[in-house]
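Dear colleague,

Please find below the structure that I agreed to pass on to you. My notes on it follow directly after.

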Amino acid sequence: MEINAAASGAMLKRERVRDAILELIEARRPGDAIPSERVLCSRLGVSRPTLRAAVGELVVAGLLVREHGRGMFVAAEKITQELVSDRNAFSLPQAGGVWTSRLLELSTLPAGARVGRKLRISPAAEILYVARLRLVDGSPMAIEHLHVRADLVPDLTSDELEQGDLYEHLRDRHGVQVSEAVQSIEPTVVTRAEADLLEVPELSPALLFERLTADTRGRPVEYVHSLYRGDRYRIVSRLTLGPRDEQPTTKEGHHPGIPPGDFTGGDPVTFSTRGIVQQGN
């Protein structure tokens, strides 16, 4: 699959517009207005179609509300049910299949305010922005947007992003050992562009994963948001309700929302789980 330069650039521009609008949303309370389309287009230096595409994604995700004749407003907060087990940790089961990656975008750019805050770096510090399509047994399953600190992996290559396990590459080739992550999961639907990549109808249900991964020194390494097909992907939660005999574990498979492979160098993969969303009526 050849990367279309125009489509790739449009994806990156929409991603930056989305982050800028998210910054506005996070600085406001539910019900607060955000600037008009005209003001945002001028401030961000983008066309109305690009802005409307980004706003549309956030409306569908339930973060913004459009009111005809009045403008755009921050949506009401979602009701979040937290799943906890074993001292506020939740172990994720693995998914089967052969997982591969297809690179859509690889760019070096400033982190910006929102991503910089998540990675605890300056907004002017460089990150590697990666968009890639994840496939299972050759069928598209997810779209991943990765934001990785460039100073930790200055020589990360496109081959590493498409071949093998990314976390193994980070450990073996770049000396970065990831150890823990905070991940949220919530329902959403796909846009037309996402539907084309995932080979599903527009507005099909999907799962949105957001993850912040840290290394053994506690430094944030990557911020990722991923869109998984709702028609072919599900999560089965295994909760620990009490002590049990030790059982052998397997490294085979794929952990929901993260690349397959050895995440912690042999230790069980454990996440603090936030954002399993239950919508109110």
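Helices here are DSSP runs of H or I with at least four residues, numbered from the N terminus. With that numbering, Gly 62, placed just after H3, takes a positive phi of about 80°. Please bear in mind throughout that this is a predicted model.

Overall picture

The chain is built from seven helices and twelve strands. It has 281 residues, and 47% of them count as buried. Among contacts between residues at least 6 apart in sequence, 66% join residues at least 24 apart. The accessible surface of the chain comes to about 14900 Å², and carbon and sulfur atoms account for 48% of it.

Helices H2 and H3

Two packed helices are described by the angle between their axes and the distance between the axes. For H2 (residues 37–44) and H3 (residues 48–60), the angle is about 110° and the axes lie 10 Å apart. Angles of 65 to 115 degrees count as roughly perpendicular, so H2 is roughly perpendicular to H3. On the H2 side the contact is made by Glu 37, Arg 38, Leu 40, Cys 41 and Leu 44, and on the H3 side by Arg 48, Leu 51 and Arg 52. By character, these residues divide into four nonpolar and four charged, with no polar ones.

H3 itself has 13 residues and reaches 18 Å from its first C-alpha to its last, close to the 18 Å expected at 1.5 Å a residue. Within H3, the residues Thr 50, Leu 51, Ala 54, Val 55, Gly 56, Glu 57 and Leu 58 are buried. Leu 51 therefore appears both among the buried residues of H3 and in the contact with H2, by the definition of buried as under 20% relative accessible area.

Positive phi outside glycine

Most residues other than glycine have a negative phi. Against that background, two residues deserve a look in your viewer.

- Arg 120 has a positive phi of about 60° although it is not a glycine. Arg 120 sits in the loop between helix H4 (112–119) and strand E6 (126–136). Its relative accessibility is 59%, so Arg 120 counts as exposed.
- Glu 199, also a residue other than glycine, has a positive phi near 60°. Its place is in the loop between helix H7 (192–198) and strand E9 (205–215). With a relative accessible area of 62%, Glu 199 is exposed.

With kind regards

Conventions:
Residues are numbered from 1 along each chain as its sequence is written. This is a predicted model: local features need pLDDT of at least 70, side-chain atom pairs count only at pLDDT 80 or more; totals for chains, interfaces and linings use all residues. Side-chain values use heavy atoms; hydrogens and water are left out. Helices (H or I, at least four residues) and strands (E, at least two) are DSSP runs, numbered from the N terminus. Buried means under 20% relative accessible area, exposed over 50%, partly exposed in between (1.4 Å probe, protein chains only). Contact means heavy atoms within 4.5 Å. Accessible areas come from the Shrake-Rupley method with a 1.4 Å probe; for residues, only the protein chains shown count as cover. Axes are lines fitted to C-alpha atoms, for helices over the stretch in contact, and angles run from 0 to 180 degrees between N-to-C directions. Angles under 35 degrees count as roughly parallel, over 145 as roughly antiparallel, 65 to 115 as roughly perpendicular and the rest as oblique. Ala, Val, Leu, Ile, Met, Phe, Trp, Tyr, Cys and Pro count as nonpolar, Asp, Glu, Lys and Arg as charged, and the others, Gly among them, as polar. The expected span of a helix is 1.5 Å times one less than its number of residues.
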